[in-house]
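Got your viewer open? Here is a walk through the model, one selection at a time.

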Amino acid sequence: MTNPFANRIALVTGASRGIGFATAKALAKAGAHIVAVARTQGGLEELDDEIRKDGGSATLVPLNLTDSDGIARLGAGLHERYGKLDILVCNAGVLGPSSPIGHIELKAFTDVMAVNVSANFQLIRCMEPLLKQSDAGRAVFITSGAANKATAYVSPYAASKAALETLARAWAQETANTKLRVNLFNPGPVRTRMRATLMPGEDPATLDTAEQVAEFIVPMCAPDWTETGKFYDYKTRSLMSFRSPA
């Protein structure tokens, strides 16, 4: 059988650890070439070692996603080298401050928005032409239940994820008549550094691993995935449609 991920180029942000690391590794194992983006050079090199062990390949891109010009240069570089992009996994995100809204400084709020929203906006702008050159472009955005729960004391994070969901859904509608499919993935509580920061007293052994979660992201990146504008909830293992408030 032909490998559906053979000769496919997958860009994964936040690839140096957690869900991004695990997803990049899983996609590489499935046959995709990984363009791994993260701020941490050491984490990227560790990912590269793991991918090579499985016989895969990766291009490492140390980049702070608040560098919008850097994202544009990355898009230009991918165009020059490959002429397309098949998979975009927007995983990178920051938690920001855990505090009552009135105690949060404006800069702390805008810093969260810069990574969780504006960077993804720029990725959409710069990668859409490349994804449309693919015979089956696929984009997956990692979101959070905080977006619809409006979780107290993490308002910048919750607001940023709500904005991200709307951005992705609008893009899905705009591209519904193309070969590009755009979806959201909510992992829920997972054994990651971000979760440990938010819930320091929680036993990590009670949570699923990033590797377990990644196995459910990979199918959403495959050419035979046909849904768009949907929300996959990992906890319930269900694909959901958005609907207007009652």
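Start by selecting strand 1 (residues 9–13) together with strand 2 (residues 33–38): the two run parallel and are joined by 5 bridges. Keep in mind as you click around that this is a predicted model. For one rung of that pairing, pick A10, whose bridge partner in strand 2 is I34.

Now hide strand 2 and look at the side chains of strand 1. I9, L11 and T13 point one way, while A10 and V12 point the other way, and all are buried. Put as a count, 5 of the 5 residues in strand 1 are buried, which is what makes the strand mostly covered.

**Next selection: strands 6, 7 and 8**

Move to strand 7 (residues 230–233). Which residues lie on each side of this strand? K230 and Y232 are on one side and F231 and D233 on the other, and all of them are buried, leaving both faces covered.

Strand 7 has pairings to check with two other strands. Strand 6 (residues 181–186) runs parallel to strand 7, with 3 bridges between them. Strand 8 (residues 238–241) runs antiparallel to strand 7, and here there are 4 bridges. Y232 is a handy residue to centre on: F185 stands opposite Y232, and Y232 also stands opposite L239 in strand 8.

Follow the chain from strand 7 into strand 8 and you go round a hairpin, with 4 residues between the strands. Stop at R237, in the loop between them. R237 has a positive phi of about 55° although it is not a glycine. Most residues other than glycine have a negative phi. Is R237 buried, exposed or partly exposed? With a relative accessibility of 40%, R237 counts as partly exposed.

**Another backbone to inspect: A150**

There is a further positive phi to visit at A150, with a value of about 50°, and again the residue is not a glycine. You'll find A150 in the loop between helix 5 (146–149) and helix 6 (155–174). A150 has a relative accessibility of 59%, so it counts as exposed.

**Into helix 8: I217**

Select I217, which is found in helix 8. Its relative accessible area is 0%, so I217 is buried. What does I217 touch, once neighbours within four places in sequence are set aside? The contacts are I19, T23, V140, I142 and F185. You have already met F185, the residue opposite Y232 in strand 7. If you want a distance to try in the viewer, go from I217 to M113: they are 104 residues apart in sequence and 24 Å apart in space, C-alpha to C-alpha.

**The second largest pocket**

Stay around helix 8 and bring up the second largest pocket, which has a volume of about 170 Å³. To show its lining, select F21, A22, K25, A26, K29, A30, D54, E211, A214, E215 and V218. Helix 1 (18–30) and helix 8 (210–217) are the elements that give two or more residues to this lining. Which of the elements gives the most? That would be helix 1, with 6 residues. Colour the lining by residue class and you get 6 nonpolar, no polar and 5 charged.

**A stop in helix 2: D48**

D48 lies in helix 2 (residues 41–53). Is D48 buried or exposed? At 12% relative accessibility, D48 counts as buried. Show its surroundings, leaving out residues up to four places away in sequence, and D48 touches A58 and L60.

**Last stop: the cysteines**

Finish by selecting the cysteines. How many disulfides does a search of the whole structure find? The search finds 0. Zoom in on C90 to see why there is no bond at that residue: the closest cysteine sulfur, in C221, is 11 Å from the sulfur of C90, too far for a bond, given that a disulfide needs the sulfur atoms within 2.5 Å. C126 is in no disulfide either, and its nearest cysteine sulfur, that of C90, is 11 Å away. Both residues are tucked away from the surface by the accessibility count: C90 is buried, with a relative accessible area of 1%, and C126 is buried at 17%.

Notes:
Residues are numbered from 1 along each chain as its sequence is written. This is a predicted model: local features need pLDDT of at least 70, side-chain atom pairs count only at pLDDT 80 or more; totals for chains, interfaces and linings use all residues. Side-chain values use heavy atoms; hydrogens and water are left out. Buried means under 20% relative accessible area, exposed over 50%, partly exposed in between (1.4 Å probe, protein chains only). On a 1 Å grid over the protein atoms alone, a cavity is a set of points where a 1.4 Å probe fits but cannot get out, and a pocket is an open set with protein on both sides within 12 Å along at least five of seven lines; lining residues have an atom within 4 Å of a point. Grid points are joined across faces, edges and corners, and a volume is the space filled by probe spheres set on the points. Ala, Val, Leu, Ile, Met, Phe, Trp, Tyr, Cys and Pro count as nonpolar, Asp, Glu, Lys and Arg as charged, and the others, Gly among them, as polar. Contact means heavy atoms within 4.5 Å. Two strands pair if DSSP finds at least two bridges between them.
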